[in-house]
Amino acid sequence: MRRLITIFAAAAICVAAFGQTPKNVQYKFTEASDLNLIGKIMDGTPNPYHRVDTLIYKGFTKSENNQVRCPTGLAVLFKTNSTVISVKTEWGWEYSSVATMPIAYRGYDLYMKKDGKWLWAASGATKPEKGKDNLVLIKDMDGSEHECMLYMPNYSEVYSCKIGIQDDATIEAIESPFRNRIVFHGSSYTHGVSTSRPGMSYPMQFMRSTGMQVLSLGVSGNCKMQPYFATVLENVEADAYVFDSFSNPDAAMIRERLVPFIDRMVAAHPGKPLIFQQTIYREARNFSVGYDQREQAKMDMATQIFKEIKATKEGKKKYKDVYFITPDAGNGSHEFSVDGVHPDNYGYFLWEQSIEGPILKILKKYKIK
């Protein structure tokens with residue numbers, strides 16, 4: 001009996017040690033861009049974590065220039081048998097917000113494969129004054145090999161991102177399991193403002209839910225169908241394009257810019273589906289008459305223009321490959337807003353759920369599966 005107890009005790013100690021990260025762990029670091037960095041709308045940027053090369057593409061305001069240099073929607077794919085995973089960052093410009101968690105705008109979000117599906121594993125951010133510190137995301141793992149997907153920060157510029165593992169472990173890139181290339185261009189909603197972590201924007205939820213690679217060009221407050229953004233999008237090759245174009249401009253700007261913007265996209269990407277989303281209902285409308293009127297005018301204008309372009313004298317659609325869908329971030333409730341404008345994580349989940357079916361139905365017409 002005593003021998004049996006000793007065996008069980010020894011086994012328990014072995015199991016505990018197996019999943020124990022040493023207190024004074026020695027790290028080795030690998031630059032994230034040397035692994036498999038997915039989600040970029042275009043390759044070849046001097047900084048691998050920039051979405052757009054601002055040395056080539058001009059016309060952006062200072063704010064827009066900063067935003068397109070954020071690694072929004074980028075993720076690093078790798079596998080490792082380390083019991084600990086950390087991140088060390090060199091920052092460019094850094095964002096600050098009261099409506100978004102620091103983990104989302106200047107932190108990291110780690111998923112791992114389990115039973116063939118991506119499962120959340122860890123997330124975190126350093127304090128601003130300790131931005132260059134080694135951020136330990138997870139430790140005391142079992143030492144077996146795990147496939148990992150690490151989402152980059154939503155809304156701050158990264159010069160260098162080094163992934164840390166213990167020095168006797170291995171790390172290497174893995175092939176992307178995500179198929180196709182689906183562009184999402186839009187406002188702060190598409191950018192992921194008011195999420196708690198980078199993987200919770202509705203485009204990133206769409207990517208995990210459908211297995212389709214999302215290329216995000218979210219630009220908070222600045223998605224107004226500007227000609228210079230059209231120039232960028234003209235040069236992005238993808239299988240489909242999804243737009244959140246009516247959240248930032250007012251009704252007059254939608255009337256002025258929508259059709260010319262569509263014309264440019266159709267000419268640049270003939271035969272590709274262009275899917276436009278209606279803007280969502282903002283809770284700030286509930287008791288502000290002026291706000292309510294402005295928001296309704298935007299929604300009415302988008303609806304009206306799509307009715308106009310669907311009908312011609314011949315009874316045929318003017319644009320064969322242009323679609324209009326309506327997202328829903330509330331599902332009949334008014335409880336999921338953070339600041340009267342942006343949904344919380346669950347609101348973005350509802351948004352993704354509301355558009356996934358309609359988008360997949362459209363893509364199926366083009367044999368995009």
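In this predicted model, helix α7, spanning residues 251-268, lies across three strands, β13, β14 (274-277) and β15. Its direction makes an angle of about 155° with that of β14.

The strands beneath this description belong to an open sheet of 5 strands with parallel pairing. Reading across the sheet, the order is β12-β11-β13-β14-β15. The edges are taken by β12 (212-218) and β15 (322-325); each has a single partner strand, so one side of each is left without a neighbour in the sheet. On average, neighbouring strands of the sheet are turned by 20° against each other, direction ignored.

A helpful place to look at the pairing itself is the join between β11 and β13. Strand β11 (residues 179-186) runs parallel to strand β13 (residues 240-244), and 5 bridges join the two. One pair to find here is Val183 with Tyr241, its bridge partner in β13.

Attention can now return to helix α7 and to its packing with another helix. Two packed helices are described by the angle between their axes and the distance between the axes. For α7 and helix α8 (residues 289-310), the angle is about 35° and the axes are 9 Å apart. The crossing of α7 and α8 is right-handed. On the α7 side, the contact is made by Ala251, Ile254, Arg255, Leu258, Val259 and Ile262. Helix α8 contributes Ala297, Lys298, Met301, Ala302, Gln304, Ile305, Phe306, Glu308 and Ile309. Sorted by character, the residues of this contact comprise 11 nonpolar, 1 polar and 3 charged.

Conventions. Residues are numbered from 1 along each chain as its sequence is written. This is a predicted model: local features need pLDDT of at least 70, side-chain atom pairs count only at pLDDT 80 or more; totals for chains, interfaces and linings use all residues. Side-chain values use heavy atoms; hydrogens and water are left out. Two strands pair if DSSP finds at least two bridges between them. Helices (H or I, at least four residues) and strands (E, at least two) are DSSP runs, numbered from the N terminus. Axes are lines fitted to C-alpha atoms, for helices over the stretch in contact, and angles run from 0 to 180 degrees between N-to-C directions. Contact means heavy atoms within 4.5 Å. A crossing is left-handed if the near helix is turned anticlockwise from the far one by less than a right angle, and right-handed if clockwise. Ala, Val, Leu, Ile, Met, Phe, Trp, Tyr, Cys and Pro count as nonpolar, Asp, Glu, Lys and Arg as charged, and the others, Gly among them, as polar.
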